[in-house]
Amino acid sequence: MFIYQTQDEIIDDFIAGFSDCTLSLPEQKAFMEVMDCNPAINKHARAGKFISRLFKQLPIYRARDGFEEKMAASFALELKKDSRVAETTA
Amino acid sequence: MSTLTIANLQQLSDEDVMEQLQSGVVQAFDIIVKRYKDRLHNFLFRYTHNHEDCEDLVQETFLRVYRSRHSYERIAKLSTWMYTIALNLAKTMYKKKQRMTTISMHADESDPDDREIMIPDTVVLQDEKLHQKMCVGELEKALKELNEEFREVIILRDIQQLTYEEISEITDTAMGTVKSRINRARVQLQEKIGNYVKSETF
């Protein structure tokens, strides 16, 4: 029986491809046959697909209003520091 | 000094904008902030879990980008270089936070009231939307419990949607190892949230 080693690069490539839905149709068909024969690969591949789909439902966190202004203020201080250093080294 | 206007700068690729910043066009910094503030916020929030700390980290990332602008070389994508800086900051902060949590959550064995309370969850979720919401909530929780090596690659891949090549560069890890870690991380996550997932979902 085929045994899946967790460091098998080819299998990892296929599992990643299956999870990300980037396998071609023939690749997918062939890989699903491998999955049917090996429960460990099957588990990894199905978990991969399920989890990567679930991640797409996570909320997206964005910078809050006013972030750019705060950033600009910090950057202005940074520039001031820079010019002070330039003055002292001149 | 270049005479590029903000409108001109906006047309440039990230790497060209960075080149402008390197040559002293400070307005280029604002363009980089505009382009990356949300992406970095979404990335770093997975480490801070609150907006205030996250904003501080995002600000610090941008300031470090500015301070080390001359060490950036065009052979790398600007995004990859920025994520490397952000990830290093996040890891440092995360380690500090973990140390604090370990101390504050330590149970006092001499205090009979200081113990974990188990609340049995017997509610069967029928509603699909609620079920999905629970899964997502559990996923966020499970993500926090992953070990650092797994967390960073899974966040970069499944949340930030970066390519395996970019993740390999950012984490300075062989691509084969990145793929293997991502696959194993997904299995661990699925095992952790397993109780909330209906069998027919698989």
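A nonpolar core is a set of buried Ala, Val, Leu, Ile, Met, Phe, Trp, Tyr and Cys residues joined through C-beta atoms within 7 Å. Keep that in mind for the views below, which all come from a predicted model.

**View 1. The largest nonpolar core and the residues at its hubs.** This core has 56 residues, and the members that touch the most others are B:Ile32, B:Leu44, B:Met82 and B:Ala86. Helix α3 of chain B, residues 27–48, supplies the largest share, ten residues. For a look at one of these members, find B:Met82: apart from neighbours within four places in sequence, B:Met82 is in contact with B:Tyr36, B:Thr61 and B:Val65.

**View 2. Helix α2 of chain B and its buried face.** Which residues of this helix, spanning 14–22, are buried? They are B:Val17, B:Met18, B:Gln20 and B:Leu21. Viewed down the axis of α2(B), the buried residues fall within an arc of 155 degrees, so they line one face of the helix. Just past the end of α2(B) you will meet B:Gly24, whose phi is positive, at about 105 degrees.

**View 3. A close-up of B:Val17.** Here we stay with helix α2 of chain B, where B:Val17 is found. B:Val17 counts as buried because 23 other C-beta atoms lie within 10 Å, and the cut-off for a buried residue is 20 or more. Leaving out neighbours within four places in sequence, the contacts of B:Val17 are B:Leu9, B:Leu12, B:Ala28, B:Ile31 and B:Ile32. To get your bearings, look also for B:Phe62, which is 45 residues away from B:Val17 along the chain; their C-alpha atoms are separated by 14 Å.

**View 4. Two loop residues with positive phi.** Most residues other than glycine have a negative phi. In chain A, the loop between α1 (9–19) and α2 (25–37) holds A:Cys21, which has a positive phi of about 60 degrees without being a glycine. Is A:Cys21 buried or exposed? A:Cys21 counts as exposed, because it has 10 C-beta neighbours inside 10 Å and the limit for exposed is 12 or fewer. In chain B, turn to the loop between α7 (148–159) and α8 (164–171), where B:Gln161 lies. B:Gln161 is not a glycine either, and its phi is positive, near 60 degrees. With 12 C-beta neighbours inside 10 Å, B:Gln161 counts as exposed.

**View 5. Where chain B touches chain A.** The contact draws 34 residues from chain B and 33 residues from chain A. On the chain B side, the elements giving two or more residues are α3, α4 (51–67), α6 (128–145), α7 and α9 (175–193). The largest share of this side comes from α9(B), with ten residues. Sorted by class, the side of chain B that touches chain A has 16 nonpolar, ten polar and eight charged residues.

**View 6. Chain B as a whole, with a word on confidence in chain A.** Chain B has nine helices and zero strands. Of its 202 residues, 33% count as buried. Among contacts in chain B between residues at least 6 apart in sequence, 55% join residues at least 24 apart. For chain A, the average pLDDT is 90, and 92% of the residues score at least 70. Confidence in chain A is highest in α2(A), at a mean of 96, and lowest in helix α4 (residues 67–89), at 92.

Notes:
Residues are numbered from 1 along each chain as its sequence is written. Chains are lettered from A and ligands numbered from 1 in the order in which they are written. This is a predicted model: local features need pLDDT of at least 70, side-chain atom pairs count only at pLDDT 80 or more; totals for chains, interfaces and linings use all residues. Helices (H or I, at least four residues) and strands (E, at least two) are DSSP runs, numbered from the N terminus. Two residues are in contact if their C-beta atoms, placed from the backbone, lie within 7 Å. The arc is that of the directions from the helix axis to the C-beta atoms. Ala, Val, Leu, Ile, Met, Phe, Trp, Tyr, Cys and Pro count as nonpolar, Asp, Glu, Lys and Arg as charged, and the others, Gly among them, as polar. pLDDT is the predictor's confidence in each residue, from 0 to 100.
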